[in-house]
Amino acid sequence: MSFENLLSNYGKLIKHMEDHGYAKSYIRLLKTEINWLRKNGDLADSYEGACAIRQKQTDSLEMRRRYRLEYGILKRFDIDGIYPDYRMKEPLVKYGAYHHLCPEYKEVVDRYKKAALRRGLKPNTIKGNASAGACFLHSTQDQGLYSLSEIDEQEENHPLSAA
């Protein structure tokens, strides 16, 4: 992948971050990754690939998290023209079952969250229940069931019966 667009326009990104109060130390970390891409970008086929290479170079969980955040900022700026918003940190690689669900199953989890909010459940309860539901739906998806209508109570000859 060519990182030329980022490498020729990163000054706009840095200026935006300086104008919006980002810490100099954080901006310096981002510049470090931009310089790494300038020197080593030919080793990676994508931002995800570059992030994976950088993550393999450390044993620190904090550094791995930081790389996911920084490469997420760089990708969104380069590909979509989106500047970072310090109020919303969105990593490049997302973990959890929800992000791997098919659209129908994501809709089920999203509807649950809305209904739970209306019922007045606490945010941590909603998050935990949604996570458990997403894990269940992900397991059904792994068994080849991509629609709620395919899930039934029959155990014999059912893909989930081996579980």
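In the predicted model, Tyr 98 touches Lys 106, Val 109, Asp 110 and Ala 134, when residues up to four places away in sequence are not counted. Tyr 98 is placed in the loop between helix 4 and helix 5. With a relative accessibility of 22%, Tyr 98 counts as partly exposed, because the buried class is confined to values under 20%. A further spatial relation concerns Ala 132, which is 34 residues from Tyr 98 in sequence, while the two C-alpha atoms are 9.7 Å apart. One of the residues touched by Tyr 98, Val 109, is also included in a separate core of 9 residues, described below.

The chain as a whole contains 6 helices and 0 strands, and its elements follow the order α-α-α-α-α-α along the sequence. Of its 163 residues, 33% are classed as buried. The accessible surface amounts to about 10,700 Å², and carbon and sulfur atoms account for 51% of this area. Among contacts between residues at least 6 apart in sequence, 57% connect residues at least 24 apart.

The largest nonpolar core comprises 21 residues, and those with the most contacts inside it are Leu 6, Leu 13, Leu 37, Tyr 47, Tyr 71 and Leu 74. Two or more residues are contributed to this core by each of helix 1 (4-19), helix 2 (24-40), helix 3 (47-56) and helix 4 (61-80). A second, separate core has 9 residues, including Leu 101, Val 109, Leu 137 and Leu 145. Within the surroundings of Leu 37, neighbours within four places in sequence being left aside, contacts are found with Phe 3, Leu 6, Tyr 47, Ala 50, Tyr 71 and Leu 74. Among these partners, Leu 6, Tyr 47, Tyr 71 and Leu 74 also belong to the group with the most contacts inside the largest core.

The packing of helix 2 was examined against two other helices. Helix 1 and helix 2 pack at an angle of about 175°, and their axes are 11 Å apart. The two helices are therefore roughly antiparallel to each other. On the side of helix 1, the contact is made by Leu 6, Leu 7, Tyr 10, Leu 13, Ile 14, Met 17 and Glu 18, and on the side of helix 2 by Tyr 26, Ile 27, Leu 30, Lys 31, Ile 34, Leu 37 and Arg 38. The axes of helix 2 and helix 4, in turn, come within 10 Å and cross at roughly 75°, which makes helix 2 roughly perpendicular to helix 4. Here Tyr 26, Leu 29, Leu 30, Glu 33, Ile 34, Trp 36 and Leu 37 of helix 2 meet Arg 66, Tyr 67, Leu 69, Glu 70, Tyr 71, Ile 73 and Leu 74 of helix 4. Leu 37 thus takes part in the contact with helix 1 and in the contact with helix 4.

Charged residues also occur where helix 2 meets helix 4, among them Glu 33, Arg 66 and Glu 70. The structure holds 7 salt bridges. Arg 66 forms one with Glu 33, in which the closest N and O atoms are 3.5 Å apart. Since Arg 66 lies in helix 4 and Glu 33 in helix 2, this pair ties together parts that are 33 residues apart in sequence. Arg 66 is buried, with a relative accessible area of 12%, and Glu 33 is likewise counted as buried, at 0% relative accessibility. Arg 66 forms a salt bridge with Glu 70 as well, and for this pair the closest N and O atoms are 2.7 Å apart. These two residues are 4 positions apart in helix 4 and so are separated by about one helical turn; both are buried. Together with Arg 54, the residues Glu 33, Arg 66 and Glu 70 are linked in a network of salt bridges.

In helix 5 (residues 103-119), a salt bridge joins Arg 111 and Glu 107, with 2.7 Å between the closest N and O atoms. Being 4 residues apart in this helix, Arg 111 and Glu 107 are separated by about one helical turn. Arg 111 is exposed, with a relative accessible area of 58%, whereas Glu 107 is partly exposed, at 38%.

Towards the end of the analysis, the segment after helix 6 (123-142) was considered, in which Glu 150 is placed. Glu 150 is partly exposed, with a relative accessible area of 34%. Between Glu 150 and Thr 140, which are 10 residues apart in sequence, the C-alpha to C-alpha distance is 9.4 Å.

Methods. Residues numbered from 1 in each chain as written. Predicted model: local features only at pLDDT ≥ 70, side-chain atom pairs only at ≥ 80, totals over all residues. Heavy atoms only, no water. Core = buried A, V, L, I, M, F, W, Y, C linked by side-chain atoms within 4.5 Å. Buried < 20%, exposed > 50% of the residue type's maximum accessible area, 1.4 Å probe, protein only. Contact = heavy atoms within 4.5 Å. Areas by Shrake-Rupley, 256 points an atom, 1.4 Å probe, with all protein chains shown as cover. Salt bridge = Lys/Arg side-chain N within 4 Å of Asp/Glu carboxyl O. Axes fitted to C-alpha atoms, helices over the stretch in contact; angles between N-to-C directions. Parallel < 35°, antiparallel > 145°, perpendicular 65-115°, else oblique.
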